[in-house]
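Here is a short report on a protein model. Look at the aromatic rings first, then at the pocket.

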Amino acid sequence: MMVYTKTYEAPPVDRREILRYAGVRGDAPEIEILLEECLAEAMDKLTYKVCYGEFPVSFFDSVGSKGLKNHLEGCNKAVIFAATVGIGIDRLIARYASVSPTKSLLFGAIGAERIEALCEIFNKEYGGSRFSPGYGDLPLEFQKEIFRALDCPRKIGLSLNESMLMSPSKSVTAIIGAKNEDNRIFEK
């Protein structure tokens, strides 16, 4: 199977979503000022990379996930992808963990919003909703198959440890079903 890589420009930032991820409710002007400082520090340290490939639905036959089977119902192909915003945000989270826990929390929320924004852009380009390992009855261990199929470490610098944690941490793997008539997802 052919694996593609793509680098994106930074998607628009949703500050309200970042604050939601940080657990901020209501007006918090001091936190909003701190958020702006964190965004200024983080933006040039983020990368927006995706690797992906088109796979036959039969690739998932041995998985045994009813949820994934339902997700791929009526699809003739599937896109498997891995996305990351890079290690820079992890370094900021770690750097501020003991010095400024609030900043560390905000950097974590920024990373969460950034990876979700990247996944949304990719989703809009290549199909419908995504289904990730760990959702419903799709075992988290299916990450290993995704990493093998996409060669994530070599393609986008994304690794997986024995506990199924990805590094960089602000990363996502997922499957998108495709229901197109000509049986092609990508322009070749």
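## A ring pair within one helix

Phenylalanine 122 and tyrosine 126 are both buried. This comes from a predicted model. Both residues belong to helix H5 (residues 101-126). They are four residues apart, about one turn of the helix.

Their rings form a tilted aromatic pair. The distance is 4.6 Å centre to centre, with 35° between the planes. Ring pairs also join Phe122 and Tyr126 with Tyr4, Tyr52 and Phe81 in a cluster.

## A ring pair across the sequence

How many aromatic pairs are there? The count comes to 11. In one of them, the ring centres of phenylalanine 60 and phenylalanine 142 are 6.0 Å apart. Their planes are at 50°, so this pair is tilted.

Phenylalanine 60 lies in the loop between strand E2 (49-56) and helix H3 (66-71), while phenylalanine 142 lies in helix H6 (residues 142-150), so the pair ties together parts that are 82 residues apart in sequence. Phenylalanine 60 and phenylalanine 142 are both buried.

## A charge over a ring

Arginine 20 places its charged end over the ring of tyrosine 21. The distance to the ring centre is 4.8 Å.

## The largest pocket

The largest pocket has a volume of about 210 Å³. Phe60 appears again here, as one of the lining residues. The others are Val57, Asp61, Val63, Gly64, Ser65, Lys66, Leu68, Lys69, Leu72 and Glu73.

What kinds of residues make up this lining? Five are nonpolar, two are polar and four are charged.

Notes. Residues numbered from 1 in each chain as written. Predicted model: local features only at pLDDT ≥ 70, side-chain atom pairs only at ≥ 80, totals over all residues. Heavy atoms only, no water. 1 Å grid on protein atoms, 1.4 Å probe; cavity = no way out; pocket = protein on both sides within 12 Å on 5 of 7 lines; lining within 4 Å. Points joined across faces, edges and corners; volume = space filled by probe spheres on them. Nonpolar A, V, L, I, M, F, W, Y, C, P; charged D, E, K, R; others polar. Phe/Tyr/Trp six-rings, centres within 6.5 Å; stacked < 30°, edge-to-face > 60°. Helix = DSSP H or I, 4+ residues; strand = E, 2+ residues; numbered from the N terminus. Buried < 20%, exposed > 50% of the residue type's maximum accessible area, 1.4 Å probe, protein only. Lys NZ or Arg CZ within 6 Å of the ring centre and 35° of its normal.
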